[in-house]
Amino acid sequence: EDHRRRDLPKRDAMTLFCPPTLKKNLHNQALAAALIQRESGLALHTNVPFGSDLIEMLQLRVVRYSWLPREPYHEVLQAAKLNFAVSFAETLNYQCAESVMLGTPSVVSPTIPFLATQGISKVTNPNDPTEIARVALGLVSNLTEAVELQLDCLQDYARAANAWLRDELTKRHITA
């Protein structure tokens, strides 16, 4: 399915949508969002239940959501200029893939396999909010290039994974 069915204008928004688990590195990303906001004015759109004390201390402008149905979620994600996916551990990170398919680049940690080698998108230290902010601002300033590069990486990853799966099924004499 082509998720980019309509061109939504980009808003001054960045997104962080994920379950509030420890592996998602939420506090470092919130700190980075505050730094980015001071530099660019992007508001953080998120479903993460950050405490009011943290939001107030960081003076972070936040638009809060509960878990969204697919269509409104895709609209928020597609209209953003940046998505956060700087986690400590992942197997793929479907949310990051959705963001890329919708035309919004993600700042990522080395744990995102389809962008693990992509220097423009990747932070080397997910514990460093200043590095997260620096990489994120670089993506925003090169939005078109970042989106194209990340989409190419995702498609290459999918092609390689599908080829590997076909080979394995063939080796095991399993057919569809």
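This is a chat about a predicted model, covering its sheet, one buried loop residue and its two largest pockets.

Student: Before we start, what kind of model is this, and how are residues numbered?

Tutor: It is a predicted model, in which local features need pLDDT of at least 70 and side-chain atom pairs count only at pLDDT 80 or more, while totals for chains, interfaces and linings use all residues. Residues are numbered from 1 along each chain as its sequence is written, and side-chain values use heavy atoms, with hydrogens and water left out.

Student: Okay, the sheet then: what is the order of its strands?

Tutor: The order is β3-β2-β1-β4-β5 in an open sheet of 5 strands with parallel pairing. Strands here are DSSP runs of E with at least two residues, helices are runs of H or I with at least four, and both are numbered from the N terminus. Two strands pair if DSSP finds at least two bridges between them.

Student: Which strands are at the edges?

Tutor: Those are β3 (62-64) and β5 (106-108), each of which pairs on one side only. On average, neighbouring strands of this sheet are turned by 25 degrees against each other, with direction ignored; the axes behind such angles are lines fitted to C-alpha atoms, for helices over the stretch in contact, and angles run from 0 to 180 degrees between N-to-C directions.

Student: And what holds strands together in general?

Tutor: Strands of a sheet pair through backbone hydrogen bonds, either parallel or antiparallel.

Student: How many bridges does β1 make with β2, and how many with β4?

Tutor: Strand β1 (residues 13-16) is joined to β2 (residues 43-46) by 4 bridges, and it pairs with β4 over 2 bridges. Thr15 has His45 as its bridge partner in β2 and stands opposite Asn83 in β4. Ala13 stands opposite Ala43 in β2, whereas Met14 stands opposite Leu82 in β4.

Student: What about β4 and β5?

Tutor: They pair in the parallel sense over 3 bridges, and Ala85 of β4 stands opposite Val108 in β5.

Student: Are the residues of β1 buried or exposed?

Tutor: Ala13 and Thr15 point one way and Met14 and Leu16 the other way, and all are buried, where buried means under 20% relative accessible area, exposed over 50% and partly exposed in between, with a 1.4 Å probe and protein chains only. In β4, Leu82 and Phe84 on one side and Asn83 and Ala85 on the other are likewise all buried.

Student: Which strands does α4 touch?

Tutor: Helix α4 packs on the sheet and touches β4 and β5, and its direction makes about 165 degrees with that of β4. A contact means heavy atoms within 4.5 Å.

Student: And α3, what do its buried residues pack against?

Tutor: They pack against β1, β2, β4 and α4, and the buried residues of α3 are Tyr73, His74, Val76, Leu77, Gln78 and Ala79.

Student: Where is Ala80, and why does it count as buried?

Tutor: Ala80 is in the loop between α3 and β4. It counts as buried because its relative accessibility is 0%. Leaving aside residues up to four places away in sequence, Ala80 touches Lys10, Ala13, Met14, Thr15 and Thr104. The C-alpha atoms of Ala80 and Met14 are separated by 5.3 Å, although the two are 66 residues apart along the chain.

Student: Switching to pockets: what is the volume of the largest one, and what lines it?

Tutor: It holds about 370 Å³ of space, and 23 residues line it, with Phe17, Cys18, Trp67, Tyr73 and Gln95 closest to its centre. On a 1 Å grid over the protein atoms alone, a pocket is an open set of points where a 1.4 Å probe fits, with protein on both sides within 12 Å along at least five of seven lines, and lining residues have an atom within 4 Å of a point.

Student: Which helix gives the most to that lining?

Tutor: That is α4, with 3 residues.

Student: How about the second largest pocket, what is its volume?

Tutor: Its volume is about 230 Å³. Its 13 lining residues include Leu92, Ala97, Met101, Leu154 and Ala158, which lie nearest its centre, and α6 gives the most to this lining, with 7 residues.

Note on methods. Grid points are joined across faces, edges and corners, and a volume is the space filled by probe spheres set on the points.
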